[in-house]
Amino acid sequence: MTPSRTSKLFASFVVLTVATAVTASAQLAPTSTDPRAVLSAVERQDTGDRAVARVRMTITDGAGHRRERTLASRSMRYAGGTKTLLFVESPADMRGTGLLSIDHRVATEDDEQWLFLPSVHRATRIGSTGRSGAFLGSDFSYGDLTVVEPDDFELSMLDANAAVDGEATWYIAATPRSAAIRTRIGYSRLELWVSKRSLLPIRSKGTMGGGRVKFIALLDVRAVSGIQTAHRLVARTVRNGQLESETVLERVSLRYGDSSVTDADFTVPRLERGP
Amino acid sequence: MIRRQSLCALAAVLACVAIAEHAAAQSEDDDVGFGDLDTSAIETTDDEPERASTTYSITVRADSAVWTERLGSAGFAKLRFTSDPRVITRYRDFRFALGIRAEGDAAYVGQANYAPRVRYDTATRDTYAWVLRPGETFVAWDRPRGGISMGFQSVAIGQGEALTVVDLLNPRDLREPGLTALEDARVPILMTRGGFFGEHYRVEVVMTHQTYFRLVPPPLGQWSPIRAALLEDPELVSLGIAGALATKDIAWQQEPRMFSGRSQSLLARGVWERGAFSVGGYAGYVIDPQGVARLPDAATLAQNRFSIPLEHRHFGMVAGSFAYTKGAFAVFAEGALDIERPINVLADSPVDLLIDRRTLARWMGGGRYTNARGGVLTVEYAQGLLHAIGRDDPPPLVPTSVATIVARYDHAFARDTWRFGSVVAVTGRGLRGGGFGRVELAWIPMDGLRITAGYAIYVPTDEPSAIRGFERHDRAMLSVRWDDSWTF
């Protein structure tokens, strides 16, 4: 696994444990028609803290071949953002690969990320990279799983009362403000369906280059310790009506407010100890 | 005018068709993208997700190669089978690891007179045919802000990846210069580590209790840069010494022994990391991994088979490291001062060898760039400088001012099903010693299975360097690797 790919994996996992979980206390009038207000509310949400989780990721390519990865993480909030420690548990050739990330809430600060490869016994400081690349060979990219920063997009409300599987949503279109943002996130246009109940973007559709479209669905959304959490995420890459590949992420276990999660977990020496 | 109107109408019709087709494609995409989703509830537990466990894992590899420039005569270069079984478990604050490395290379085993096969000398066969050594085998006591561990371990020190000037504790596998993967290069040895750390700092003391320098090519081995230096030196050739040496079977006699009072070394490090910066300081009394040679007496040299003592003596080292990361870029550097480091120096006679101690300054710098699609480019440069050389001091036998530059590019694509790796290196005084390149393409048809094909090319010059004499060492490689693990 290359550092950049693993860093994306890490970043994605941060969001898996944080950004796809929001407290029901997040308030926004269901009648709002301002797309920026909706996405700002999504971005501002109070998320779960001191989370310990295990996720199973199943990747199926167009020929039907399946690959499975298992990831374990610990994460916690701090004054400036979120800290996460992540380890790959399977497959065997990636086992023990670890990532430590200090995510700063302030967008102007680069996140701090270290990658530990057990085969070289080294934790390497890695740079934050573009968000458009796939991580761990999956359909997800860094950008897919991070909260959309509203200021990066021209927004329009396509339907303030769209229904997705019977759930009321805001249907919003987002177009990158610049070519640099488009390159970074990998989409020329995004469509989002934000649930009015959970304030989670339960469906998204991103137009990529080469005629590809990526669809992401957050499923089995329910409260864990009072926090609305998506337990299954499905990403599909489609081209000309044909499914190229699919990735399903499922939470195997999850606990918020775990007292064993402390600041000491988010250090390079801890990363080098392995899972 | 009519024509223009017709064209406009045609364009409008085509546009309508295109829009209709686009809408149909969109609808088709949506049906596939959002259709048939599994909305059932997942059985998720909130039990302790990070339960205590024992993991058994194994890596099995077969690495083969042919000398492409010797295919007609003796092209069979390598058929090495490697096995790495490992167990790791935890109990409360303790970690236990047990591992072993076993290797056998059919190109060096048996030596039956099968063509095409090179017939190697005994010293070469002893080095390359079989390896059996401990893998990571240790017990560690982990506390939230510190810990201690003892056993056969590997520790990476400093910031350099392919090149480093401070990471001297673990011996390296130097049998095939330029071909050993980074993950195979470091050999675990018996050591004790202890330290404490905070959010932005770590302090650690490492004491090694073992030497392990057997994974180096023998003096006249295929991969020894000394081979060409000895056998092609005009003075030695004219004296007839080179010709006499060529018929001999010469090995290194590594000193001190693997376990002895002189096999201990000590290194302390402190690292401070904050934001984009990382700064490290190191001080130690370490064993010279390169070693200095002593020539045996004349009677020994006259024998057909003998060993040359290669002494790994201690020296003091103070060093520092630095790293800075910004966006997709990272830069890093290391500097070290070797105090009174033993080196071989030239004597008046070409058949004599002297040992002296000198103070050396060494440094390396590098950068890494990660592109948006996950490709990683790393460039590193290292340089050694000799200090405290007086007017009458004899020059070093092996140039200490050697520079090396290494560039690597790695990229995984097609959902990590394919991985491309490449390395280019140039070395020698003033980078005039030649260079080598290597490309590899790995196919991962399923998790755990990796099939890699590659090619390496060497372009040495007559200047002293680590690849001198490698004119006919180009090789094509094919390897198969299988990883598996079981957790209970």
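How much area is buried between chain A and chain B, and what percentage of it do carbon and sulfur atoms give? In this predicted model, the area buried between the two chains is about 6500 Å². Carbon and sulfur atoms give 46% of that area. Three arginines of chain A, namely Arg67(A), Arg122(A) and Arg273(A), together supply 12% of the area that chain A buries against chain B, more than any other three residues.

**The interface**

The contact between the chains draws 81 residues from chain A and 83 residues from chain B. Six salt bridges are found across this interface. One of them pairs Lys83(A) with Glu199(B), whose closest N and O atoms lie 3.0 Å apart. In addition, 20 residue pairs are in polar contact across the interface, counting pairs with both residues at pLDDT 80 or more. On the side of chain A that touches chain B, strand β14 of chain A (residues 242-255) contributes the largest share, with eight residues. The table below divides the residues of that side by character.

| Residue class on the side of chain A that touches chain B | Number of residues |
|---|---|
| Nonpolar | 27 residues |
| Polar | 23 residues |
| Charged | 31 residues |

**The nonpolar cores**

The largest nonpolar core contains 45 residues. Within this core, the residues with the most contacts are Val166(B), Trp223(B), Met317(B) and Tyr458(B). Several strands of chain B each supply at least two residues of the core, including β1 (54-67), β7 (189-197), β15 (329-346) and β21 (449-460). Strand β14(B) gives the most to this core, namely four residues.

Trp223(B) deserves a separate description. Leaving aside residues up to four places away in sequence, Trp223(B) touches several aromatic side chains, among them Trp67(B), Tyr108(B), Tyr128(B), Tyr458(B) and Phe470(B). Its other partners include Arg175(B), Glu176(B), His473(B) and Arg475(B), as well as Pro177(B), Leu179(B) and Pro217(B).

Apart from the largest core lies another core, of 26 residues. Its members include Val55(A), Val88(A), Phe135(A) and Val164(A).

**Chain A as a whole**

Chain A has five helices and 14 strands. Of the 275 residues in chain A, 68% are buried. Among contacts in chain A between residues at least 6 apart in sequence, 54% join residues that are at least 24 apart.

Conventions: Residues numbered from 1 in each chain as written. Chains lettered and ligands numbered in written order. Predicted model: local features only at pLDDT ≥ 70, side-chain atom pairs only at ≥ 80, totals over all residues. Heavy atoms only, no water. Contact = heavy atoms within 4.5 Å. Buried area = accessible area lost by both parts, 1.4 Å probe. Salt bridge = Lys/Arg side-chain N within 4 Å of Asp/Glu carboxyl O. Polar contact = N/O pair within 3.5 Å; in protein donor to acceptor, adjacent residues only side chain to side chain. Nonpolar A, V, L, I, M, F, W, Y, C, P; charged D, E, K, R; others polar. Core = buried A, V, L, I, M, F, W, Y, C linked by side-chain atoms within 4.5 Å. Buried < 20%, exposed > 50% of the residue type's maximum accessible area, 1.4 Å probe, protein only.
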